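Biologist: Before we talk about the fold, I would like to go through this model with you one point at a time, with the reasoning laid out for each answer.

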Amino acid sequence: MACGVTCVSLGIARRALAEFVELAASKVPFQAARTLAERPTVQAGVARAEADLLSARALLRESVEAAWASAEQGSLSDEQRRVLRLSATNATLSSVRAVDFLYTAAGGSAVYETSPMQRLFRDIHVATQHAMVNERTLELTGRMALGLPTDTTTL
């Protein structure tokens, strides 16, 4: 279930990135001389957002492939389940950070109902409320990484 929610989150973030790139090419913020796309802070932020999304997706894919291979052989270890859940949570949280940056960088244009950015912002934050990928899963996966006794039934 965590992978399903996470894939939706990654899709929302990719769409937000595409929407922002289109907006940034033509939007000149109030009292500015350059488009959003021409601003160095926006350029760096977009690069960071893209790198975070690509990295999160790669880790998720790697953990899913490893889990799949083990499942074909019989079962997954608790460690594989931990890494799978951690990578799913990481991808969701990375998606949220990317969308938050893009929404903020879009400025006032993003707040209107006609803007896809406001819907994407809202939708990505809905994903963070899912028990399979919210911040609390970091406590569970971190506890296990530290070798502490952990109830893994919800993993």
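Biologist: Is Phe121 buried, partly exposed or exposed?
Modeller: This is a predicted model, and the accessibility is computed from it. Buried residues lie under 20% relative accessible area and exposed ones over 50%. Because the relative accessibility of Phe121 is 27%, Phe121 counts as partly exposed.

Biologist: How many aromatic pairs are there, and which rings form a pair that is stacked, edge-to-face or tilted?
Modeller: The count comes to one aromatic pair. The rings of Tyr103 and Phe121 have centres 4.1 Å apart, and their planes meet at 20°. Planes under 30 degrees apart count as stacked, so the pair of Tyr103 and Phe121 is stacked.

Biologist: Which helices does that pair link, and how many residues apart are Tyr103 and Phe121?
Modeller: The pair links distant parts of the chain, with Tyr103 in helix H3 and Phe121 in helix H4. Along the sequence, the separation of Tyr103 and Phe121 is 18 residues.

Biologist: Is Tyr103 buried or exposed, and what of Thr104?
Modeller: Tyr103 has 19% relative accessibility, which is under the 20% limit, and therefore counts as buried. Thr104 has its place in helix H3. At 59% relative accessibility, which is over 50%, Thr104 counts as exposed.

Biologist: How far apart are Thr104 and Gly11 in space?
Modeller: In sequence, Thr104 and Gly11 are separated by 93 residues. From C-alpha to C-alpha, the distance in space is 19 Å.

Biologist: Which elements give two or more residues to the largest nonpolar core?
Modeller: The largest nonpolar core has 31 residues, and those with the most contacts inside it are Ala16, Phe20, Val46, Val99, Leu102 and Met117. The elements that contribute two or more residues to this core are H1, H2, H3 and H4.

Biologist: Which residues does Leu102 contact, leaving aside its neighbours within four places in sequence?
Modeller: Leu102 belongs to the core residues with the most contacts inside it. With neighbours within four places in sequence left aside, the contacts of Leu102 are Ala13, Ala16, Leu17, Phe20, Val46 and Met117.

Biologist: What do the buried residues of H1 pack against?
Modeller: The buried residues of H1 include Ala13, Ala16, Leu17 and Phe20, and also Thr6, Ser9 and Glu19. Their packing partners are helix H2 (40-73), helix H3 (78-106) and helix H4 (116-127).

Biologist: What span should helix H1 have, and how far apart are its end C-alpha atoms?
Modeller: Helix H1 covers residues 2-26, and at 1.5 Å a residue its 25 residues should span 36 Å. The expected span agrees with the separation of the end C-alpha atoms, which is 37 Å.

Biologist: How many disulfides does the structure hold, and why is there no bond between Cys3 and Cys7?
Modeller: Cys3 is partly exposed because its relative accessibility is 25%, and Cys7 is partly exposed at 47%. The closest cysteine sulfur to that of Cys3 is in Cys7, at 6.3 Å, which is too far for a bond, since a disulfide needs sulfur atoms within 2.5 Å. The number of disulfides in the structure is zero.

Biologist: How many helices and strands are there, and what percentage of the residues is buried?
Modeller: The protein has five helices and zero strands, and its C-alpha trace spans about 60 × 25 × 25 Å along the principal axes. Of the 155 residues in the protein, the buried share is 39%.

Definitions and conventions
Residues are numbered from 1 along each chain as its sequence is written. This is a predicted model: local features need pLDDT of at least 70, side-chain atom pairs count only at pLDDT 80 or more; totals for chains, interfaces and linings use all residues. Side-chain values use heavy atoms; hydrogens and water are left out. Helices (H or I, at least four residues) and strands (E, at least two) are DSSP runs, numbered from the N terminus. The expected span of a helix is 1.5 Å times one less than its number of residues. Buried means under 20% relative accessible area, exposed over 50%, partly exposed in between (1.4 Å probe, protein chains only). Contact means heavy atoms within 4.5 Å. A nonpolar core is a set of buried Ala, Val, Leu, Ile, Met, Phe, Trp, Tyr and Cys residues joined through side-chain atoms within 4.5 Å. Rings of Phe, Tyr and Trp (its six-membered ring) pair if their centres lie within 6.5 Å; planes under 30 degrees apart count as stacked, over 60 as edge-to-face and the rest as tilted.
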